[in-house]
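Colleague: I should like to go through the architecture of this chain with you. Could you show the sequence and structure before we begin?

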Amino acid sequence: MAPDDEYDDRTKVSVGRLSRDTGNRPYLIVVAGPNFGEMYLVERGESFVGRGANATIRLDDDSISRRHVRIVVDGKDARIEDLGSANGTLLNGERVTAAPLRDGDTIQLGSKTILKLTYHDKLEETFRRQMYDSALRDGLTKVFNRKHLLDRLTIEFAFARRHKTPLALLMIDIDHFKNVNDTFGHLAGDHVLCKLAASVQAVVHTEDVFGRYGGEEFAVLCRGATHSEAGTVAEQIRATVEQTAFDYEGRAIPVTVSLGVAGYPAVAASNPDELIGIADEALYEAKRSGRNRVVVAAAR
């Protein structure tokens, strides 16, 4: 057996060869769990993987610890160390305390998340990220799609309940969008959707999740935003859209939006679907009361 392939007891700290190709870099790809499909570059030095805010690679999984494992990369050598996690770490199906890492290894953290260690050059990295984005993004507007919005809402709602932190959902609907399609044509309607998405994306915070919920409806998930703070964000979005010039082939198109806001725990939602329902009720009230306005759901 070649020296590079030799290692002793996996409960001891030892190192393994990741790849002989120095042009490649190590990545962790989530192959199972809430963050399925995500890809993380493992930087040289030490990285901490867990669900805590101070983790280098943060995973939204209740079954893993805040700092679950430490990964140390030194050139082509790497090792993994369990940091006393509650639910343990499995490397290629075997429970470990510390062990060398090699290209192709699978790492299970807790009961849900499985990572695969793989080495890629920049071209492969770009391809994999494009494939990942295509699964998460709306094909027309390039913002997140409905499935990803709902997946993230489930994760963030569970996080908010567990940590007793605020979470707000904004539902956005383009006013009289059918008239845009009927008057200016569907290509003009597509143009409006894309430009509106870009305008809203420029307003929301980096940590917010903005996506197309369906048709002419969009949503923003604001982690850590209180009921009133979310109302302020919604008003910024409304005003930005109202002040944005929409035109297609030289014709001006009037565009405004109505928004409904529901903030947890100010509203007594017991699950993500209830939060959506409350935000939708507020949105419909905004449209019934004249459109181009924000309605924040009453605290209940």
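The exchange below treats the overall composition, a sheet, and the helices.

Modeller: This is a predicted model, in which local features need pLDDT of at least 70, side-chain atom pairs count only at pLDDT 80 or more, and totals for chains, interfaces and linings use all residues. Residues are numbered from 1 along each chain as its sequence is written, and side-chain values use heavy atoms, with hydrogens and water left out.

Colleague: How many helices and strands does the chain have, and what percentage of its residues is buried?

Modeller: Helices (H or I, at least four residues) and strands (E, at least two) are DSSP runs, numbered from the N terminus. On that basis the chain has 6 helices and 19 strands. Buried means under 20% relative accessible area, exposed over 50% and partly exposed in between, with a 1.4 Å probe and protein chains only. Of the 300 residues in the chain, the buried share is 49%.

Colleague: Which strands stand at the edges of the open sheet of 5 strands?

Modeller: Two strands pair if DSSP finds at least two bridges between them. The pairing in this sheet is mixed, and the order is β14-β15-β13-β18-β19. Two strands each have a single partner, so one side of each is left without a neighbour in the sheet: β14 (209–214) and β19 (294–296).

Colleague: Which residue is the bridge partner of L170 in β15?

Modeller: Strand β13 (residues 167–174) and strand β15 (residues 217–223) are joined by 7 bridges in the antiparallel sense. Within β15, L170 has as its bridge partner V220.

Colleague: At what angle to β18 does helix α5 run?

Modeller: Axes are lines fitted to C-alpha atoms, for helices over the stretch in contact, and angles run from 0 to 180 degrees between N-to-C directions. Helix α5 (residues 227–243) lies across β13, β15, β18 and β19. Its buried residues, among them A230, V233 and I237, pack against elements including α4. The angle of α5 to β18 is about 165 degrees.

Colleague: How far apart are the end C-alpha atoms of helix α6?

Modeller: The expected span of a helix is 1.5 Å times one less than its number of residues. Helix α6 (residues 272–288) has 17 residues and should therefore span 24 Å. The distance between its end C-alpha atoms agrees with this, at 24 Å.

Colleague: Is α2 roughly parallel or roughly perpendicular to α6?

Modeller: Angles under 35 degrees count as roughly parallel, over 145 as roughly antiparallel, 65 to 115 as roughly perpendicular and the rest as oblique. The axes of α2 and α6 come within 9 Å and cross at roughly 110 degrees. That makes the relation of α2 to α6 roughly perpendicular.

Colleague: Which residues in α6 does α2 meet?

Modeller: Contact means heavy atoms within 4.5 Å. From α2 (residues 146–163), the residues involved are L150, L153, T154 and F157. In α6 they meet P272, L275 and I276.

Colleague: Is α3 oblique or roughly perpendicular to α4?

Modeller: Helix α3 (residues 177–184) and helix α4 (residues 186–201) have axes that come within 6 Å and cross at roughly 135 degrees. The relation of α3 to α4 is therefore oblique.

Colleague: Which residues in β3 and in the hairpin of β2 and β3 stand opposite I29 and take a positive phi, respectively?

Modeller: Strand β2 (residues 25–32) and strand β3 (residues 39–41) run antiparallel and are joined by 3 bridges. I29 stands opposite M39 in β3. The hairpin has 6 residues between the strands, and the positive phi, near 115 degrees, belongs to G33.
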